[in-house]
Amino acid sequence: MRKIEITPRQLTGSLEIPPSKSVSHRAIIMAGLAKGESVISNVLMSQDMIVTCEAMEALGTSISYHEEQNGRFTLTIKGCDPLVLGKETIECNESGSTLRFIIPILLLQPKRVVITGKGRLVTRPMKPYYDLFEEKSIHYEHLNKQQDLPLAVEGTLTPGSYQIDGGVSSQFITGLLFALPLLSGDSVIEVTSKLESKPYLDITLDMLKHFGIEIVNDNDRRFLIKGNQAYRPCHYRVEGDFSQGAFWLAAGAIGEKMDCKDLDLSSFQGDKVMVDLIKQMGGEISAKADGLVVKKSTTHGIVIDVSQCPDLVPILAVLGSLSVGTTTIINGERLRFKESDRLMAIALELNKLGGKIEETADGLIIHGVEGFTGGKVKSHNDHRIAMALAIASIRASGKIVLDGAEAVNKSYPHFWEDFKAVGGEWIGLDVGK
């Protein structure tokens, strides 16, 4: 684990926000399923993106990588039709999106394949797929009886009716929406419970149109999918990521002025709600032609339902802690099954720094404080916990030693460089210290 020592500094300046991880996953997969050559630009090759590319390459997709001057990549992707499985094992590392998206795609071909993962991914909930496997007579086997991964699957999807629980994650529905249009007949997905993370499904449906796939959405309860469709290759630029931009927006509100470029309020990304939340809390934030500007503000606590924006909770906990009054996070049960138990992890670590946060079954009760102290904290191998703790240092009275700073590589490998670029100060420490 990599330890760093952060010296509290005000952050201010301009940053080009990293490209959306959610959009990047989808664009790479859709291009890999297309007949022909697509060009996907503005891709950040984080750990999660690497495993999605490798998974599609294992199915016969050809990807060439061109690094641009800003460190982003342009990918030229030649799809493979039909898919040809070239590996017996697909490694998903710690990427829940890769895992849940790739499984239905693997079931477009008949060969047995083993899906593996690392860290907490091996215990992330997968029951919606297991229920479908049993209903559709698709063989699956847990090769380690104590956990979900490695998982062996063998069989093929068939056209028809698919009932799926929408209360665990919309990722299961997205995975099926990738695969079902390629079957020989029509299919329907029926959502059997309240749909969680609906904005991510909106992203999927919008992008499918770009790649030539038509889905009829019946009020988010039924999705009607014509068979015998084909993905159309295209040029696609990945937009800036509100999930990552949220850290810098919060930095502006609790520190100094931040100019966050490449954030578009017309985006389907659910985490753009961060803009509305900052405004509701009293923050000063405004749109400009190329992004958003947020200025130092006195913010006040509110009640926040995070059922549709769970990834925002770590940074909201920081912002809530530095707001006047009490901020209450509700409907965040799923956060206990992310890269860490995020409710536990962010409460524990901010409380080490003088925060006053109480856990509830599905959220947090955050009592505002004047500022944080210094101290020793851990990332819990969770990129969003690491980044939230870095932003917390803005309003700390002493140095913060962060154990596990390399966790940011999962989604934002240049985070610490960007942190310095806007005035942050940190040094690496020897592991033994």
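N228 is exposed, with a relative accessible area of 59%. That's a handy place to start walking through this model, which is a predicted one. You'll find N228 in the loop between β13 and β14 (235-237). Its backbone has a quirk too: phi of N228 is near 60°, a positive value in a residue that isn't glycine. Most residues other than glycine have a negative phi.

N93 shares that kind of backbone, with a positive phi of about 55° although it is not a glycine either. Look for N93 in the loop between β6 and α3 (96-106). Is N93 buried or exposed? Its relative accessibility is 17%, so N93 counts as buried, the cut-off for that being under 20%.

While you're in the loops, check two prolines. Most peptide bonds are trans. The bond from D81 to P82, though, is cis, with omega near 0°, and P82 sits in the loop between β5 (73-78) and β6 (89-91). The bond from L149 to P150 is cis as well, again with omega near 0°. P150 belongs to the loop between β8 (139-142) and β9 (151-154).

Now back to β13, the strand that leads into the N228 loop. β13 is part of an open sheet of 4 strands, ordered β10-β11-β13-β12, with mixed pairing. At the edges are β10 (161-164) and β12, each of which pairs on one side only. Ignoring direction, neighbouring strands in this sheet are turned by 15° against each other on average. β12 and β13 run antiparallel and are joined by 4 bridges; within that pairing, N217 stands opposite F223 in β13.

The loop between β12 (215-218) and β13 (222-225) holds D220. You might wonder which residues D220 touches. Leaving aside residues up to four places away in sequence, they are V191, L195 and K198. D220 has a relative accessible area of 15%, so this aspartate is buried.

Next, jump to the start of the chain. Strand β1 (residues 3-7) is mostly covered, with 5 of its 5 residues buried. That goes for both faces: K3, E5 and T7 on one side, I4 and I6 on the other. What does β1 pair with? One partner is strand β24 (residues 425-429), antiparallel over 5 bridges, where K3 has L429 as its bridge partner. Another is strand β23 (residues 400-403), also antiparallel, with 4 bridges; here E5 stands opposite V401.

Finally, the helices. Helix α7 (residues 242-254) packs on helix α11 (residues 383-392) at an angle of about 15°, their axes 10 Å apart. That's under 35 degrees, so α7 is roughly parallel to α11. The crossing of the two is right-handed. On the α7 side, S243, Q244, F247, W248, A251 and I254 make the contact, and on the α11 side it's R384, M387, A388 and I391. By class, those residues come out as 7 nonpolar, 2 polar and 1 charged.

Compare helix α4 (residues 127-135) and helix α5 (residues 171-179), whose axes come within 9 Å and cross at roughly 45°. α4 and α5 are therefore oblique to each other. P128, Y129 and L132 of α4 meet Q171, F172, G175 and L176 of α5. This contact has 5 nonpolar and 2 polar residues, and no charged ones.

Conventions:
Residues are numbered from 1 along each chain as its sequence is written. This is a predicted model: local features need pLDDT of at least 70, side-chain atom pairs count only at pLDDT 80 or more; totals for chains, interfaces and linings use all residues. Side-chain values use heavy atoms; hydrogens and water are left out. Axes are lines fitted to C-alpha atoms, for helices over the stretch in contact, and angles run from 0 to 180 degrees between N-to-C directions. Angles under 35 degrees count as roughly parallel, over 145 as roughly antiparallel, 65 to 115 as roughly perpendicular and the rest as oblique. A crossing is left-handed if the near helix is turned anticlockwise from the far one by less than a right angle, and right-handed if clockwise. Contact means heavy atoms within 4.5 Å. Ala, Val, Leu, Ile, Met, Phe, Trp, Tyr, Cys and Pro count as nonpolar, Asp, Glu, Lys and Arg as charged, and the others, Gly among them, as polar. Buried means under 20% relative accessible area, exposed over 50%, partly exposed in between (1.4 Å probe, protein chains only). Two strands pair if DSSP finds at least two bridges between them.
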